[in-house]
Amino acid sequence: SMYWGRPTVIRAVAARLPVRSAIASASTAVTHDPTALRFEAGEAYLSYELTAAGTVLDTQHTVVPESMRGQGIAEHLCDAAYDYASAQGLRVLPTCSYLSTRYVPNNAARLGARTLRHVDTSTPGLEVSVDWRGLARLKLTD
C-alpha cells in the first residue's frame, strides 16, 4: 500500500462535479466521468478515488486493452488525471503501478510537488503526507 492507514473515500465531492467533461489530450480523446470516478479513452480507462477529505486523487487502476496498447493511451489518461487534479487543486497519490513506476518517474520534475508517496489520515484532525520529492507535510484538518 502506498499510504499508512485507510483513507476515507469521499464520493460526495465527485457527485457535485459536472457529469461528463471532455479533456483533449493530444490526438486521443479522453473524457472524464466523475460519477464513475474514471477517465476514459474508448475502452481504456484510469479509475480513481477521492481520499483525505476530497483533497487527494488516488489513482487506482490504469487499464488499456491489448488492442489499444503501444499508442500512448495510458499516458494520455494520466495527463488528463493530472490536468484535472491541477485544475481542482488536488494532489495525486499514484497507487496504480503504471503511474508509480513509469509515468511519475518519467515526469518527476513536472509532477513531483503535486504527487504523493504517502498520505496518512488515520489520526483524527491530522493529515501527514510525503510528496514525491521526499518532503513531509503535516496539516491540521477539521
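A salt bridge here is a side-chain nitrogen of Lys or Arg within 4 Å of a carboxyl oxygen of Asp or Glu. By this rule the count comes to five in this predicted model. Three of these contacts appear in the views below, with a helix and several ring contacts.

**View 1. Arg69 and Glu66 form a salt bridge.** The side chains meet with N and O 3.0 Å apart. Arg69 is exposed, and Glu66 is exposed too.

**View 2. A salt bridge joins Glu127 and Arg91.** The closest N and O atoms lie 2.4 Å apart. This pair links distant parts of the chain. Glu127 sits in strand β8 (residues 126–131), Arg91 in strand β6, and 36 residues separate them. Both partners, Glu127 and Arg91, are buried.

**View 3. Asp131 pairs with Arg133 in a salt bridge.** The distance from N to O is 2.6 Å. Asp131 has a relative accessible area of 7%; buried means under 20%, so Asp131 is buried. Arg133 has a relative accessible area of 53%; exposed means over 50%, so Arg133 is exposed. The bridge thus joins a buried acid to an exposed base.

**View 4. Helix α3 (residues 97–106) has a buried side.** Its buried residues are Leu99, Ser100, Tyr103 and Val104. These residues cover an arc of only 125 degrees around the axis, so they fall on the same side of α3. Which residues are exposed on the other side of α3? They are Ser97, Thr101, Arg102 and Asn106.

**View 5. The buried residues of α3 pack against five named elements, strands and helices.** The strands are β4 (44–51), β5 (56–63) and β6 (91–94). The helices are α2 (73–88) and α4 (108–111). Strand β6 also carries Arg91, the salt-bridge partner of Glu127.

**View 6. Phe39 and Tyr48 form a tilted aromatic pair.** A pair of aromatic rings is described by the distance of the centres and the angle of the planes. A search of the whole structure finds three such pairs. For Phe39 and Tyr48, the centres are 5.6 Å apart and the planes make 35 degrees. Phe39 is buried, at a relative accessible area of 0%. Tyr48 is at 2% relative accessibility and also counts as buried.

**View 7. The rings of Tyr82 and Tyr103 form a tilted pair.** Their centres lie 5.7 Å apart. Their planes meet at 35 degrees; tilted covers angles that are neither under 30 nor over 60, so this pair is tilted. The pair links distant parts of the chain: Tyr82 is in helix α2, Tyr103 in helix α3, 21 residues apart. Tyr82 counts as buried, at 4% relative accessibility. Tyr103 counts as buried as well, at 1%. Tyr103 is one of the buried residues of α3, and α2 is among the elements they pack against.

**View 8. Ring pairs build a cluster.** Which residues do they link? The members are Phe39, Tyr48 and Tyr84.

**View 9. Arg38 lies over the face of Tyr45.** Its distance from the ring centre is 3.7 Å.

**View 10. Arg117 lies over the face of Trp132.** Here the distance from the ring centre is 4.1 Å.

How values were computed:
Residues are numbered from 1 along each chain as its sequence is written. This is a predicted model: local features need pLDDT of at least 70, side-chain atom pairs count only at pLDDT 80 or more; totals for chains, interfaces and linings use all residues. Side-chain values use heavy atoms; hydrogens and water are left out. Buried means under 20% relative accessible area, exposed over 50%, partly exposed in between (1.4 Å probe, protein chains only). Helices (H or I, at least four residues) and strands (E, at least two) are DSSP runs, numbered from the N terminus. The arc is that of the directions from the helix axis to the C-beta atoms. Contact means heavy atoms within 4.5 Å. Rings of Phe, Tyr and Trp (its six-membered ring) pair if their centres lie within 6.5 Å; planes under 30 degrees apart count as stacked, over 60 as edge-to-face and the rest as tilted. A charge sits over a ring if NZ of Lys or CZ of Arg is within 6 Å of the ring centre and within 35 degrees of the ring normal.
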